Amino acid sequence: MSDLAASTISLLEELIRNACVGEGEVRNADTLERFFAGSGARVQRFEPEPGRVSIAFTVEGGPSEPLTLLGHTDVVAVDRPKWTVDPFAAEERDGRIYGRGATDMLYITAAMAAVTREVARAGKPSGTLTFVGCADEEARGGLGAGWLAEQNPAPFSWQNCLSEEGGSHLPVDGDALVVVVGEKGAAQRRLVVHGDAGHGSTPYGKELAVALIGEVAQRIAAIEPAVQRSDLWEGYVRAFRFDPATEHSLLDGHGYDSLGELARYSHAMSHLTIAPTVLRAGSSINVLPSTAWLELDIRPLPGQTQEEIDDMLREALGDLAPAVEIEHLITEDATVSTTDSSLYRAIVDTYAEFFPGAPVVPILSAGGSDLRFARRRGGVGYGFALHDRERTLGDVLDQLHSHDEYVDVRDVELTAQAYRSLVGRFLGV
Ligand SMILES: [Zn+2]
């Protein structure tokens, strides 16, 4: 194993053991600062709230385009009884490293750090390289990359950014590799209805908030948004090289089952999705509640606006619409980067080095990443990693936030090598 791979793996294990579950990213920032000690990289720490530390390491370069690697250091919570290994021990077994965050995204964060340290020791790159260990990605970045982009954007460039995930394979003959070029937005809503308060023993003649919110939930669940045909969706479907009938039906938004394990993801990539997730009414069994509400996790595609979504909800509610208040919670438009950029071309060239001849397929992520902040600042952002041939996109998606999360050691090595190659290609070092 190369020095680069070995240092990536030992750093990954330490990041897992620090267990930065939704707080305490200062522990991973300290680990990273020790990891970079003596490398010559410039260190900057950012702490918008106590313990919520993001940290940047910069290798000053020449006047060419800069490159910024955004690796988050926080992880999501675990449901301990469902795990068969200690989620924070970073146990290595049968060629896998187990632990919360192993795939999402500490192996990439570790690879970014190891490559940046190697470049810092190697000499001056043609453009400036920065690696940022970002806090708070899993809670939408308000104390991490989002805070930096909005409150303190100057310490590093947002022009060319890489982050999670990418470089897994589509389950097709002859191989194909995916690059995440964009992500869906957020259009969270709370639908509130009112009813008559009163004693639970005398409901006669009362307007029941619970019955009303139940009807609202039925009508919302019946919404079937139309497929959105985009270049990304068409390129993705064509990459599978199905027979013409199957391809045609998928492009029209039908027959997702022919995509097997990728059916749910593929549906989300081509549709606005509306998931009812929180329902609340009442707190005492003998009191009629005067309000009830339903929360919706809605994820728009590029180009779909918040106004369109409210119109869609009101239309589905029909005659109930006047009785329903629609509150906006988190709202963020989808973001997508062009594939016509020097950084995208460097990704394609890097993949060709490891998997010659495999087509590269740009895709949209159904979830979020720190890259949207770069895109909003006018930069480009791509998900970049690299997996062994047998690791499909479905396999990687299955690991995100799962019980017994793991990453294959081979994928950690490949990702570190791929970052080293891409940084060399892009920054001439
Ligand atoms: Zn992540």
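Helix α5 (residues 209-221) lies across β10, β12 and β14 (291-299), running at about 15° to β14. Contact here means that two C-beta atoms, placed from the backbone, lie within 7 Å. Angles run from 0 to 180 degrees between N-to-C directions, with axes fitted as lines to C-alpha atoms, for helices over the stretch in contact. Helices (H or I, at least four residues) and strands (E, at least two) are DSSP runs numbered from the N terminus.

A word on the model: it is predicted, so local features need pLDDT of at least 70 and side-chain atom pairs count only at pLDDT 80 or more, while totals for chains, interfaces and linings use all residues. Residue numbers start from 1 along each chain as its sequence is written.

**The sheet beside α5**

- The order β12-β14-β10-β15 describes an open sheet of 4 strands with antiparallel pairing; strands count as paired if DSSP finds at least two bridges between them.
- Because β12 (273-281) and β15 (325-332) each have a single partner strand, they stand at the edges, and one side of each is left without a neighbour in the sheet.
- From one strand to the next, the twist averages 20°.
- Strand β10 (residues 186-194) pairs with β15 in the antiparallel sense over 6 bridges, and Arg189 stands opposite His328 in β15.

**Two domains and their contact**

- The domain assignment gives domain 1 (3-182 + 335-427) and domain 2 (185-332); such bounds come from an automatic or database assignment.
- The C-alpha centres of domain 1 and domain 2 lie 32 Å apart.
- Their contact takes 16 residues from domain 1 and 15 residues from domain 2.
- On the side of domain 1 that touches domain 2, β17 (360-365) and α12 (393-399) are the elements giving two or more residues, and β17 gives the most, with 4 residues.
- The residues of that side of domain 1 divide into 12 nonpolar, 2 polar and 2 charged, where Ala, Val, Leu, Ile, Met, Phe, Trp, Tyr, Cys and Pro count as nonpolar, Asp, Glu, Lys and Arg as charged, and the others, Gly among them, as polar.

**Strand β6, an enclosed strand**

- Strand β6 (residues 129-134) has 6 of its 6 residues buried, so it is largely enclosed by the rest of the structure.
- Buried means that 20 or more other C-beta atoms lie within 10 Å of a residue's own, exposed means 12 or fewer, and partly exposed is in between, with C-beta atoms placed from the backbone.
- On one side of β6, Leu129, Phe131 and Gly133 are buried, and so are Thr130, Val132 and Cys134 on the other.
- Strand β2 (residues 54-59) pairs with β6 in the antiparallel sense over 5 bridges; Phe57 stands opposite Phe131.
- Strand β3 (residues 67-72) runs parallel to β6, joined by 6 bridges, with Gly71 opposite Gly133.

**The nonpolar core and α3**

- The largest nonpolar core has 115 residues, and among those touching the most other members are Leu12, Tyr107 and Tyr382. Such a core is a set of buried Ala, Val, Leu, Ile, Met, Phe, Trp, Tyr and Cys residues joined through C-beta atoms within 7 Å.
- Helix α3 (residues 102-122) supplies the largest share of this core, 13 residues.

**Backbone points to check**

- The peptide bond from Asp104 to Met105 is cis, with omega near -15°, and Met105 is found in helix α3.
- Asp136 has a positive phi of about 65° although it is not a glycine, and it counts as buried, with 25 C-beta neighbours inside 10 Å.
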